[in-house]
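Please open the model in a viewer and keep a selection tool at hand. The stops below proceed from single residues to elements, a core, a pocket and the domains.

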Amino acid sequence: MKKVSDILPYFLNELLDFYDENELKSIMYISIDFHLGLTKSGTILQSERILKDEEILVFINIVDRLQKMEPIQYIISETKFYGLSFHTMKGILVPRPETEELVDWIIKDNKESEKKYLDIGTGSGCIIISLAKNLKGMFDAIDISKKSIRISEENSIKNKVNINLKQKDILHSELKGEWDIIVSNPPYVLRSEKKVMNKNVLNWEPETALFVEDTDPLLFYEEISKKALTVLSKNGYLYFEINENFGNETIKLLEEIGFVNIELKKDINGKDRMIKAMCK
Ligand SMILES: C[S@@+](CC[C@H](N)C(=O)[O-])C[C@H]1O[C@@H](n2cnc3c(N)ncnc32)[C@H](O)[C@@H]1O
């Protein structure tokens, strides 16, 4: 590996047994963007640029870690989400593109007025920080994980927004306050779905952020909805990211709890992925 144009063949040669070609190319462009500051077209335009020794070492190290199925977002300690940059590390869920769609929905719905927002299970802080960057109001977030609160704090400073963060277990504590909008992307992957998941998620991403027992798939949705009903303002909204296989069940649950005007929305891949419901 001597110049920029050698990086692609090097990645393909070393990693095609581990990743499919399209995924690998996108990982490579993320790495090049992060370490060389080149976009996809910049990579082509500067294909003859000679790599410095330290740059070659960086790419060798990335490939080594990718062979161990470590997510690229942990290797470079960064994820781009809704046009912002978030520090990510082991123990914190990597923000996903589906969640950007949920954020986009909330932003489009709430552009006009100033509101109070609460994010439950904030992880890297990607949802609440993106809302704070694009909307007017007050922004609160909770998570059971101390590490998540620390990283969200760091991400809020990095993105120059003010968020009130608190370590809290939503399943075993009361919610006190009043909010106009509550949002959550809680753990929703069934334990039985583990066997079809990629190693780079299973071996690296936090269990507490991902899984629920098959016997109680809507545990978080039920607890959060019941608590939300007591703290949401009149005509306030609850937004959830959901497991694609539980759209109708989640609607039924929200109706039973007392929410109205419930709307289910598909993600870009045509899967039931998010829900909003009004508190009357
Ligand atoms: C699916 S992740 C979502 C993270 C982030 N909001 C995102 O969209 O990338 C779920 C988050 O819920 C948190 N969590 C799990 N159990 C919780 C609980 N009982 N109370 C509060 N947060 C919890 C996890 O630590 C994790 O950060």
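A residue is called buried when its relative accessible area is under 20%, exposed when that value is over 50%, and partly exposed in between. The model on display is predicted.

**Cysteines**

Select cysteine 126. Is this residue buried or exposed? Cysteine 126 has a relative accessibility of 7%, so it counts as buried. Move next to cysteine 279, whose relative accessible area of 5% also makes it a buried residue. A disulfide requires a pair of cysteine sulfur atoms within 2.5 Å, and by this rule the count is zero.

**Helix α7**

Cysteine 126 leads directly to the next selection, helix α7, which covers residues 126–134. Why can this helix be described as largely enclosed by the rest of the structure? The reason is that seven of its nine residues are buried. Colour them to see the set: Cys126, Ile127, Ile128, Ile129, Ser130, Leu131 and Ala132.

**The largest nonpolar core**

Now display the side chains of Ile120, Ile182, Leu238 and Phe259. Within the largest nonpolar core, which has 33 residues, these four touch the most other members. Several elements give two or more residues to this core, and they can be selected in turn: the strands are β3 (115–120), β6 (179–184), β7 (189–190), β8 (211–212), β9 (232–241) and β11 (272–279), and the helices are α11 (219–231) and α12 (247–257). Which element gives the most? That element is α11, with five residues.

**Two stops on core elements**

Stay with strand β11 and select lysine 276, which is found there. Lysine 276 counts as buried because its relative accessibility is 10%. Draw a distance from its C-alpha atom to that of lysine 168: the two residues are 108 apart along the chain, and the separation is 23 Å.

Helix α12 holds the next residue, glutamate 249. With a relative accessible area of 39%, glutamate 249 is partly exposed. Its C-alpha atom lies 27 Å from that of lysine 176, a residue 73 positions away along the chain.

**The second largest pocket**

Lysine 168 and lysine 176 both belong to the lining of the second largest pocket. Select the full lining: Leu118, Asp140, Ala141, Ile142, Asn164, Leu165, Lys166, Lys168, Glu174, Leu175, Lys176 and Trp179. How much space lies in this pocket? The volume is about 180 Å³. Colouring the lining by class gives six nonpolar, one polar and five charged residues. Strands β4 (137–143) and β5 (164–167) each supply at least two of the lining residues.

**Positive phi angles**

Inspect the backbone at methionine 69, in the loop between α4 (53–67) and α5 (72–75). Although methionine 69 is not a glycine, its phi is positive, at about 65°. The residue is also buried, with a relative accessible area of 13%.

A second residue to examine in this respect is asparagine 261, in strand β10, residues 259–266. What is its phi? The value is near 50°, which is positive in a residue other than glycine.

**Two loop residues**

Select arginine 96 in the loop between β2 (84–87) and α6 (97–109). At 22% relative accessibility, arginine 96 counts as partly exposed. From its C-alpha atom to that of aspartate 143 the distance is 18 Å, with their positions 47 residues apart along the chain.

Then go to glutamine 46, placed in the loop between α3 (40–45) and α4. Glutamine 46 is partly exposed, with a relative accessible area of 35%. The C-alpha atoms of glutamine 46 and lysine 146 are separated by 43 Å, and the two residues are 100 apart along the chain.

**Domains**

Finally, colour the chain by its domain assignment, which gives domain 1 (4–68) and domain 2 (79–279). How many Å separate the centres of the two domains? Taken over C-alpha atoms, the centres of domain 1 and domain 2 are 33 Å apart.

Methods:
Residues numbered from 1 in each chain as written. Predicted model: local features only at pLDDT ≥ 70, side-chain atom pairs only at ≥ 80, totals over all residues. Heavy atoms only, no water. Buried < 20%, exposed > 50% of the residue type's maximum accessible area, 1.4 Å probe, protein only. 1 Å grid on protein atoms, 1.4 Å probe; cavity = no way out; pocket = protein on both sides within 12 Å on 5 of 7 lines; lining within 4 Å. Points joined across faces, edges and corners; volume = space filled by probe spheres on them. Helix = DSSP H or I, 4+ residues; strand = E, 2+ residues; numbered from the N terminus. Nonpolar A, V, L, I, M, F, W, Y, C, P; charged D, E, K, R; others polar. Domains from an automatic or database assignment. Core = buried A, V, L, I, M, F, W, Y, C linked by side-chain atoms within 4.5 Å.
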